[in-house]
Amino acid sequence: MAVFEVKQGSSPVILGFPHTGTEAPANIWERLNDNGKLLADTDWHIHHLYDGLLSDATTVRATFHRYVIDANRDPAGVSLYPGQNTTGLVPETDFDGKAIWKDGQVPDEADIAKRLRDFHAPYHAALAAEIERVRAIHGVAILYDCHSIRSHIPFLFEGKLPDFNIGTDMGKTCDSAIEQATLTAVKAAEGYDSVLNGRFKGGWTTRHYGQPETGVHAIQMELAQSTHLETEAPPFAYDTAKAERLRVHLKDILVRIEQIAPGLKR
């Protein structure tokens, strides 16, 4: 299987998709239990949701599922949110805290090392290469990392998640102009709510690549799946009407970010 898909563009904006993949090699798939095989924690349809919104944007998408290995986790296994419920580099449970592997089939250190080599590392090598290519063209690169999650997951957070969840690690991963442009766009989105650096402050991808002093800026957008799915349960069907309403605002965000880029050159 191809570990990643890349579409090269000429924009200073790069879209990352670490969690839309649903593929797993047979030897890994067979180890998942029935709950794991639901692939419930996929960022369902997100690459379709963003498709065509910024025609010249580069896209880098992992094709493997996060249960194979999570492309948005620190390869050293360090928790993104110490002291809070979360899932690891190779999850043992789903977002509800339920086991996803058959008895005796939980991946061990050797499994994890192999998956780091075969999946995590190639995806990030591709992403890093595109960031460097774009920065060489423009003097700046803006990584917009695309995510979604169910709006209600008691195991991870209380209550309902806002529709737009912007993560910049408390302003560390991008210039404040990018943060403010994104906030302006989501605040203007009638009928939606939003938060900056709430429960989700940006995953490892955003925190690792977002180094504004080097000309590389990163921001994560975590969308509540209620904004674009028919239901947040199997079969996690795409709701075209909801999605088209949302795409107007996502395009506004991306266009604003792209327009800011020339002023961010070091």
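**Entry 1: the second largest cavity**

I began with the second largest cavity, and I found its lining to consist of A40, D41, T42, F95, S148, I149, R150, I153 and Q225. I note that the model I am reading is a predicted one. The space in this second largest cavity comes to about 30 Å³. I then sorted its lining by class and recorded four nonpolar, three polar and two charged residues.

**Entry 2: the largest cavity**

I next asked how many cavities of 30 Å³ or more the structure has. The count is two. For the largest cavity I noted a space of about 180 Å³. I listed 20 residues in its lining, and those closest to the centre are R66, N72, R73, F200 and E222.

I also looked up which elements give two or more residues to this lining, and they are β4 (141-149) and β7 (216-224). Strand β4 gives the most, with three residues. By class, I entered six nonpolar, nine polar and five charged residues for the lining of the largest cavity.

**Entry 3: the nonpolar cores**

I turned to the nonpolar cores. The largest of them has 33 residues, and I marked Y50, Y144, F164 and L250 as those with the most contacts inside it. I then traced the elements that each supply at least two residues of this core: β2 (13-17), α2 (46-49), β4, β5 (164-167), α4 (176-187), β7 and α6 (240-260). Helix α6 provides the largest share, six residues.

I recorded a second core as well, separate from the one above and made up of 32 residues. Among its members I noted W44, A62, V134 and A141.

**Entry 4: the cysteines**

I asked how many disulfides the structure holds. The number is zero. I then asked why C146 has no bond to the closest cysteine sulfur. That sulfur belongs to C174 and lies 14 Å from the sulfur of C146, so the two are too far apart for a bond. A disulfide would need the sulfur atoms to be within 2.5 Å. For C174 I made the matching entry: this residue is in no disulfide, and its nearest cysteine sulfur is that of C146, 14 Å away.

Finally, I asked whether C146 is buried or exposed. I found C146 buried, with a relative accessible area of 0%. I looked up C174 in turn, and its relative accessibility is 5%. Buried means under 20% relative accessible area, so C174 counts as buried.

Terms used:
Residues numbered from 1 in each chain as written. Predicted model: local features only at pLDDT ≥ 70, side-chain atom pairs only at ≥ 80, totals over all residues. Heavy atoms only, no water. 1 Å grid on protein atoms, 1.4 Å probe; cavity = no way out; pocket = protein on both sides within 12 Å on 5 of 7 lines; lining within 4 Å. Points joined across faces, edges and corners; volume = space filled by probe spheres on them. Helix = DSSP H or I, 4+ residues; strand = E, 2+ residues; numbered from the N terminus. Nonpolar A, V, L, I, M, F, W, Y, C, P; charged D, E, K, R; others polar. Core = buried A, V, L, I, M, F, W, Y, C linked by side-chain atoms within 4.5 Å. Buried < 20%, exposed > 50% of the residue type's maximum accessible area, 1.4 Å probe, protein only.
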